[in-house]
Amino acid sequence: MRAQSRQGRRHSNRQQGGGRRRRGGSAAAAAAVAIGAMTLGILAPPTAFASASASAVSAASAAARPDAVQRALDTLVRDDGLPAALASVKDRSGRTRTYTAGVGDLATGAKVPRDGQIRIGSNTKAFTAVVVLQLVAEGKIGLDTYIDTHLPGLVRGDGIDGRNITVRHLLQHTSGLPEYGIHVDDGEIRNRYFEPRELLDLALQHKADAAPGEKWGYSNTNYIVAGLLVQKITGRPLAEEMDRRIIQRIGLRHTYFPAPGDMTIREPHPQGYHRSPQDGPLRDFTEMDPSAGWAAGQLISTNSDLNRFYTELLAGRLLPQAQLAEMRTTVPAGTSGLRYGLGLTSRPLSCGGVYWGHGGDIAGFETRGGVTDDGRAANVAVTTIPEDEAAAQHVKDAVDKALCG
């Protein structure tokens, strides 16, 4: 989830569109990356002793050298000053490695929990989009159906008319709807509970950014409307539909949608840090009310669960092929080759091809990662949102190293 706060910072996902999300507003947060490498045991076959000994020495030497992912995470902590970083990497054979770097709690010096839970920000959009596309597959809504068909009169404002905005426009960020996150500050983000309709109303007080379909422009407001659409069509809470249709279906054991008033993270987790005001010290922002994110950024998960989600999604286990193809149909989204589909992004890899995912920023955490078409998966999280472009690029570089190594 991403948005500009009144203090000029960004909310929760800055991966989309290539724009930098500043801390502060709507779901702004510092995300520090904590990543540590799992030690892999090597079992030598019962061959000649001399040969086995040589192999053991070679293996021991290799084990003593941090691999590219660990080195990338160490750089994020040592050179970029992030409190912690975590990563989970799955290769083509299905073998998973987990990594940590830094400290999980600046006050106590506690270790970073391996594959700890994190707030995943705008990765939530991919979950919301999947639910919407499942409803499309069930024939309950159409991608090119106008919003007013199901939510009559709800989306109205200066240059804004739900009779001209389709479901596709929402999921692809081509609706022209203005961002709501720039109109809430850190104190509200952390402590106040927002009803989804309140978030929409904040946006509708402002002029449209563009005509529907005119251009791509990232706005969390799109996914608030998409979440309201899910609830109208199903007659059930979005969190319940997301849990039934995705989380339980593919066995995401560490992923959940926090209930109203739940400001904590349930399972072992690193602390998340944020600067507010922007020139102030890092503050522990782990406990917060995530309702300002809702369908755009409220979920909590782990790196390994995110890898499983995107792997299962791309393998066609959550959507029929027709809807998955729609989700993967992209438009240019800013710089660096990033492209945006329907709640799903693609980004080029240095070793060729692309990876599919989303990414997310929310006060205290940043996540980046995705999966390749040949089955590799990687996700990296940091426990404060990087404050400069170099550090942000280093997080993306860590993902690239994990998928290209």
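Is Asn303 buried or exposed? Asn303 is buried, with a relative accessible area of 1%. The model is predicted, and every value below is computed from it.

**Asn303 and helix H10**

Asn303 lies in helix H10, which spans residues 303–314. Leaving out residues up to four places away in sequence, Asn303 touches Leu86, Ala87, Ser88, Asp115, Ile118, Asn379, Val380 and Ala381. Leu313 also belongs to helix H10. Leu313 is buried, at a relative accessible area of 0%. Its contacts, neighbours within four places aside, are Val130, Leu318, Leu319, Leu324, Met327 and Leu344. Leu313 and Ile246 are 67 residues apart in sequence, yet their C-alpha atoms are 9.5 Å apart in space.

**The chain as a whole**

The protein chain contains 12 helices and 15 strands. It has 405 residues, and 58% of them count as buried. Take the contacts between residues at least 6 apart in sequence: 70% of these join residues at least 24 apart.

**Nonpolar cores**

The largest nonpolar core has 83 residues. Phe127, Val155, Leu171, Ile246, Phe309, Leu313 and Met327 touch the most other members. Helix H3 (residues 123–137) gives the most to this core, with nine residues. A second, separate core has 20 residues, among them Val69, Leu76, Ala378 and Ala402.

Val155 has contacts of its own to list. Not counting residues up to four places away in sequence, Val155 touches Ile147, Ile160, Asp161, Gly162, Ile165, Leu177, Leu204 and Val225. One of these, Leu204, is a buried residue of helix H6 (residues 196–204). The other buried residues of H6 are Pro196, Leu199, Leu200, Leu202 and Ala203. The buried residues of H6 pack against strand S4 (156–157), strand S5 (160–161), H7 and helix H9 (294–297).

**Two helix pairs**

How do H2 and H12 pack? Helix H2 (residues 68–78) and H12 meet at an angle of about 170 degrees, with their axes 9 Å apart. H2 is therefore roughly antiparallel to H12. On the H2 side, the contact is made by Ala68, Val69, Ala72, Leu73 and Leu76. On the H12 side, Ala391, His394, Val395, Ala398, Lys401 and Ala402 take part. The residues of this contact divide into nine nonpolar, one polar and one charged. Val69, Leu76 and Ala402 are included in the second core as well.

H7 and H8 are arranged in another way. The axes of helix H7 (residues 221–234) and H8 come within 9 Å and cross at roughly 80 degrees. H7 is therefore roughly perpendicular to H8. Gly227, Val230, Gln231 and Thr234 of H7 meet Leu238, Glu241 and Arg245 of H8. The residues here divide into two nonpolar, three polar and two charged.

**Salt bridges**

The structure holds 24 salt bridges. Three of them are set out here.

| Pair | N to O distance |
|---|---|
| Arg78 and Asp79 | 3.1 Å |
| Arg244 and Glu241 | 3.0 Å |
| Glu387 and Arg275 | 2.2 Å |

In the first row, Arg78 is exposed, with a relative accessible area of 57%.

In the second row, Glu241 is buried, at a relative accessible area of 3%. Why are Arg244 and Glu241 separated by about one helical turn? Because they are three residues apart in helix H8 (residues 238–247).

The third pair joins distant parts of the sequence. Glu387 and Arg275 form a salt bridge, their closest N and O atoms being 2.2 Å apart. Glu387 lies in the loop between strand S15 (377–382) and helix H12 (389–404), and Arg275 in strand S6 (residues 273–275), so the pair ties together parts that are 112 residues apart in sequence. Glu387 is partly exposed, with a relative accessible area of 34%. Arg275 is also partly exposed, at 22%.

Some salt bridges share partners. These join Glu138, Lys140, Glu241, Arg244 and Arg245 into one network. Glu241 and Arg245 from this network also take part in the contact of H8 with H7.

How values were computed: Residues numbered from 1 in each chain as written. Predicted model: local features only at pLDDT ≥ 70, side-chain atom pairs only at ≥ 80, totals over all residues. Heavy atoms only, no water. Salt bridge = Lys/Arg side-chain N within 4 Å of Asp/Glu carboxyl O. Buried < 20%, exposed > 50% of the residue type's maximum accessible area, 1.4 Å probe, protein only. Helix = DSSP H or I, 4+ residues; strand = E, 2+ residues; numbered from the N terminus. Axes fitted to C-alpha atoms, helices over the stretch in contact; angles between N-to-C directions. Parallel < 35°, antiparallel > 145°, perpendicular 65-115°, else oblique. Contact = heavy atoms within 4.5 Å. Nonpolar A, V, L, I, M, F, W, Y, C, P; charged D, E, K, R; others polar. Core = buried A, V, L, I, M, F, W, Y, C linked by side-chain atoms within 4.5 Å.
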